[in-house]
Structure formats: C-alpha cells, structure tokens
Amino acid sequence: MKFFVNSNCIGCGMCEGTCPAVFHMTDEGVAMAIDTEVDPTVEGLAQEAMAGCPVGAIEEA
Ligand code: SF4
C-alpha cells in the first residue's frame, strides 16, 4: 500500500500528527507521503490519516 498527497492539501498537519511514519510536512507547508510501500504495522494509522484529512488530499497510490 502506498499513499500520496494531492494539491488540495491545506497544510493542517493532522496527517503527520496521526502517522508520522508516512506523512511529513515540507518546507512549502504542505504534507508529503513517503514514496515507498507503507510498512504494514502503520497502514492502519495511515488510513486513519487519509480518512481524517479535512480536504480529502490523501489518496491511495
Ligand atoms: S491532513 Fe490533509 S490537509 Fe492536513 S496536512 Fe495532511 S494532507 Fe494536508
């Protein structure tokens, strides 16, 4: 499973707070997902972040 952050991101930081293993905030103030397969042990948290994103900016790649 992989994720990516689309251009809807408003930089609220929730995803990084929920699942820092997968999402981090860039210097541009938006989130970015790791570009590798997500470790199964954190998939649940990554999906939680995807579901909780207020603007639907997180998608499954
Ligand atoms: S939760 Fe959504 S809007 Fe907030 S930083 Fe993450 S991708 Fe961007």
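## Overall fold

Let's start with the big picture: the protein has 2 helices and 4 strands. Following the chain along its sequence, you meet these elements in the order β-α-β-β-α-β. With a radius of gyration of 10 Å, close to the 10 Å that the globule rule gives for 61 residues, the protein is as compact as a globular protein of that length. Keep in mind as you look around that this is a predicted model.

How much room do the C-alpha atoms take up? Along the principal axes, they fill a box of roughly 25 × 20 × 20 Å. Of the 61 residues, 30% count as buried.

## The cavity inside

Now look for enclosed space within the protein. How many cavities of 30 Å³ or more does the count give? The count comes to 1 cavity of that size. The volume of the largest cavity is about 100 Å³.

Which residues form its walls? The largest cavity has a lining of 15 residues, and those nearest its centre are Cys9, Cys12, Cys15, Ala31 and Cys53. Sorted by class, the lining consists of 13 nonpolar residues and 2 polar ones, with no charged residues.

## The ligand and its surroundings

Where does the ligand sit? You will find the ligand in the largest cavity. Around the ligand there are 14 residues, and the closest are Cys9, Cys12, Gly13, Cys15 and Cys53.

The shell around the ligand can be sorted by class too: 12 of its residues are nonpolar and 2 are polar, while none is charged. If you are colouring the structure, cysteine counts as nonpolar here, whereas glycine counts as polar.

## Two buried loop residues

It is worth zooming in on two residues that lie in loops. Cys19 belongs to the loop between helix H1 (14-18) and strand E2 (23-25). Is Cys19 buried or exposed? Its relative accessible area is 1%, so Cys19 is buried. In sequence, Cys19 and Leu45 are 26 residues apart, yet in space they are 5.5 Å apart, C-alpha to C-alpha.

Val38 is found in another loop, the one between strand E3 (31-33) and helix H2 (43-52). Val38 has a relative accessible area of 4%, and therefore is buried, as the cut-off for buried is under 20%. Try tracing the path from Val38 to Gly11: these two are 27 residues apart in sequence and 21 Å apart in space, C-alpha to C-alpha.

How values were computed: Residues numbered from 1 in each chain as written. Predicted model: local features only at pLDDT ≥ 70, side-chain atom pairs only at ≥ 80, totals over all residues. Heavy atoms only, no water. Near = heavy atom within 4 Å. 1 Å grid on protein atoms, 1.4 Å probe; cavity = no way out; pocket = protein on both sides within 12 Å on 5 of 7 lines; lining within 4 Å. Sits in = over half its atoms within 2 Å of the grid points. Points joined across faces, edges and corners; volume = space filled by probe spheres on them. Rg over C-alpha atoms; globule rule 2.2 N^0.38 Å. Buried < 20%, exposed > 50% of the residue type's maximum accessible area, 1.4 Å probe, protein only.
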